[in-house]
Amino acid sequence: MDENVKVPRWYLVHTYSGKEQKVIEELKNRIRGYGLEDKILEILLPSDYYSFIDKKGKRKIKPVKVFPGYIFVKMILTDESWYVVRNTPGVLGFVGPTGKPTPISEEEIEKIVKERVTEERAKEKLHFDVNDRVKILVGPFKDMEGVVEAIDESKGIARVVLKMFGREMPVELKSEHIQKV
């Protein structure tokens, strides 16, 4: 590896699927332990946030990994930084021809980061008003879309108008079972 290259670049690192967060924590510990904070600068695990209904019928928001089994690492590639990342428990290797790390452009990383559904955006979808278009999350009308006609906040119920069989049909649903489209 060329020790003269001092420009930090992004690299894609292959990990065991489902162990990405554990690899990130271990890698952070190793960076501190080896004193490489000036060479390994950033670690990214892109996630999108979605709302779902748990077994008790409550709406929750959960992160879903965009690239399961991969993390992005911004680093100055040296023999030492390569060694620390490559030999972190749970890391399978760098992505690139014959295991040689291939840098990813800043533009690609910006696009990956910009296109994420943030936790805030997922929470926004939980709030809706009269005349908003919503999607039904559970029950016999699951995945259907309709328009909110009325909201009874004291009961936690919304009346949603669905188009079925060529006509408009109002249905009453628990507020936590619908989300804004």
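## Strand E1 and its partners

Strand E1 and strand E6 (residues 91-94) pair in the antiparallel sense over 3 bridges, where strands are DSSP runs of E with at least two residues, numbered from the N terminus, and two strands count as paired if DSSP finds at least two bridges between them. This is a predicted model, in which local features need pLDDT of at least 70 and side-chain atom pairs count only at pLDDT 80 or more, while totals for chains, interfaces and linings use all residues. Residues are numbered from 1 along each chain as its sequence is written, and side-chain values use heavy atoms, with hydrogens and water left out.

Within the pairing of E1 with E6, Val13 has Phe94 as its bridge partner, and in strand E5 the partner of Val13 is Ile71. E5 (residues 70-75) runs antiparallel to E1 and is joined to it by 6 bridges, whereas 2 bridges link E1 to the antiparallel strand E7 (residues 103-104), in which Ile104 is the bridge partner of Trp10.

## Burial of E1

Because 5 of the 7 residues of E1 (residues 9-15) are buried, this strand is largely enclosed by the rest of the structure; buried means under 20% relative accessible area, with a 1.4 Å probe and protein chains only.

## The open sheet

An open sheet of 5 strands follows the order E11-E10-E9-E8-E12, with antiparallel pairing. Strands E11 (167-174) and E12 (178-180) stand at its edges with a single partner strand each, so one side of each is left without a neighbour in the sheet.

Inside this order, strand E9 (residues 145-152) and strand E10 (residues 157-164) run antiparallel and are joined by 6 bridges, with Val160 of E10 as the bridge partner of Val148.

Conventions. Buried < 20%, exposed > 50% of the residue type's maximum accessible area, 1.4 Å probe, protein only. Helix = DSSP H or I, 4+ residues; strand = E, 2+ residues; numbered from the N terminus.
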